[in-house]
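Here's a friendly walk through a structure you may not have met before. Have a look at it first, and then we'll visit a few spots together.

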Amino acid sequence: MTRLRFDFADRALFVRLFGADVYAVGGYVRDLVRGRPSPDVDILVARHPLDDIVRKLGRHGRVDLVGRSFGIIKFTIEAKTYDVALPRTDRAARAEGVRGHKDILVAADPDLPVEKDLERRDFRTNSMALRLEDGLLIDPFEGRKDTLAKRIRLTNPAAFPDDPLRVLRVARFASVLGFKVDPAIYPAARSVDLSGLSLERVNDEMIKTLLNSPRPSVGLEELFRLGVLDAWYPELQALALVIQDSVFHPERDAYGHHTVWAHTKLAVDQAAALAAQTGLPAPRKLALLLAALFHDLGKISTTRWEYKRGRMAVTSCGHDIQSERAARRVLARFRIQTWSGYNLGRMVPLLIRTHHRAGELWLNRAGVTKKAFNRLAADVDGEIELLVLLDAADRAGRGTRLVRGLDPTARWLFKRFEELRVNRETIKPLVMGRDLIKLGVAPGPDMGRFLKKLYKAQLDGLFETKAQGLTRARRLVERKTR
């Protein structure tokens, strides 16, 4: 009999209301066993009818009933929200056609033994309950043993195919927690039809894997092994069959293959490390990681053998442009446009298209002018930091050791952008459409052409103030009207 020491803000309240019938479950218990207590606690209340639970909790905070048949309540007290549930069973709907995540039938039953509720859960590490009254660990499936061994095993292998989302969760938990996957899961996953999953579910799992993993490559490789890439990301799957020139790309997979997939995973890891070191907020971090994930998709169509510098070499000329186009198609297919207010649909392709140009500035640093920095900054809507970090992650994607800071190229680029005073503010157009209206230019194609010419002249350094820009605009207008 194992008891754990723990506490959280409202534990005493739950015990006072429900006595020995209330438990913490799921991720909270797992993380407690790992020695990393989580602030988020999911609660299970047994042997109490739903209406009784609602009535008791309602005296102490706000109660929102998510679904009566699900037996799930959102309970908020002093700005802290708990998911409170009854024991329940899950079973797959045996309808005609493809089954997806939404086809799981859930039935709440207050009299269901806690052990039966734990049996429906996906992995043994998540199938533990902690009695709040005395810290007794309810662990019928050796979840504590698996947690300490950092291992993912299925709680109920027979029920695994019923919910295809569990296949993606295998990859995310392996990546975020750093756990090893039981080899028996791979053949089981290959038998699961993933086509019924919703875009939202797939997006959510991928985003969590990218944002929350110290090394996202672990989750990406698991998605590859589990068949998820084959079903949902065929472009990424194809990268595993595209080779790279071993002279310029010494990185390789565990079997010695110099593939674009091996490089891509390392580049994503390096991007995650750089994002953490620079403190990128989550939306911009996600843009950087997606750009790293898709930055070489164009190599699928552009990779060739070519005789160069006295030898046959693997080349991928123009892959940056093709990668941008491929990334746009993938983002459109997954309906990814904005996330937390950030325009991923626009920024990710722009970063992919331009990231090689950052390194080219360094290579030509002896003669490069401010004009080149202005144009590059404008072409990424002022997201200079993400551009430089993507370029750095791409370079660092030739090695497995995570970077501990910026390399000389990235440091020089940031320094020069700062010295030249090129940033999001300085590249804003000085002359706007309303200024041209005052000069007698009507809205329409001519105005668009004028604005484009003026902005190009501004980036080229032909004027630096609004007054100078308006003088140039007058000349353009007068020349047009002669």
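**A charged patch, a nonpolar patch and a buried threonine**

Let's begin with Arg479, which sits in helix α22. Keep in mind that what you're looking at is a predicted model. Is Arg479 buried or exposed? Arg479 has a relative accessible area of 52%, and because anything over 50% counts as exposed, this arginine is exposed.

Arg479 also has company. Together with Lys453, Arg472, Arg475 and Lys480, Arg479 makes up a positive patch on the surface. Which helix gives the most to that patch? That would be helix α22, spanning residues 466-481, with 4 residues in the patch.

Now for a patch of another kind. Find strand β12, which covers residues 304-308, and pick out Tyr307 in it. With a relative accessible area of 58%, Tyr307 is exposed too, because that value is over 50%. Tyr307 belongs to a nonpolar surface patch along with Ile243, Trp305 and Met312. Taken together, these four residues have about 490 Å² of accessible area.

Our last stop is Thr409, in helix α19, which runs over residues 408-419. Here the relative accessible area is just 8%. Residues under 20% count as buried, so Thr409 is buried. And what does Thr409 touch? Leaving aside residues up to four places away in sequence, Thr409 is in contact with Trp362, Asp391 and Arg395.

So the tour has taken in two exposed residues, Arg479 and Tyr307, and a buried one, Thr409.

Terms used. Residues numbered from 1 in each chain as written. Predicted model: local features only at pLDDT ≥ 70, side-chain atom pairs only at ≥ 80, totals over all residues. Heavy atoms only, no water. Patch = residues over 30% accessible without salt bridge, like charges linked within 9 Å, V, L, I, M, F, W, Y side chains within 5 Å. Areas by Shrake-Rupley, 256 points an atom, 1.4 Å probe, with all protein chains shown as cover. Salt bridge = Lys/Arg side-chain N within 4 Å of Asp/Glu carboxyl O. Lys, Arg positive; Asp, Glu negative; His and termini not counted. Charge placed at Lys NZ, Arg CZ, Asp CG, Glu CD. Helix = DSSP H or I, 4+ residues; strand = E, 2+ residues; numbered from the N terminus. Buried < 20%, exposed > 50% of the residue type's maximum accessible area, 1.4 Å probe, protein only. Contact = heavy atoms within 4.5 Å.
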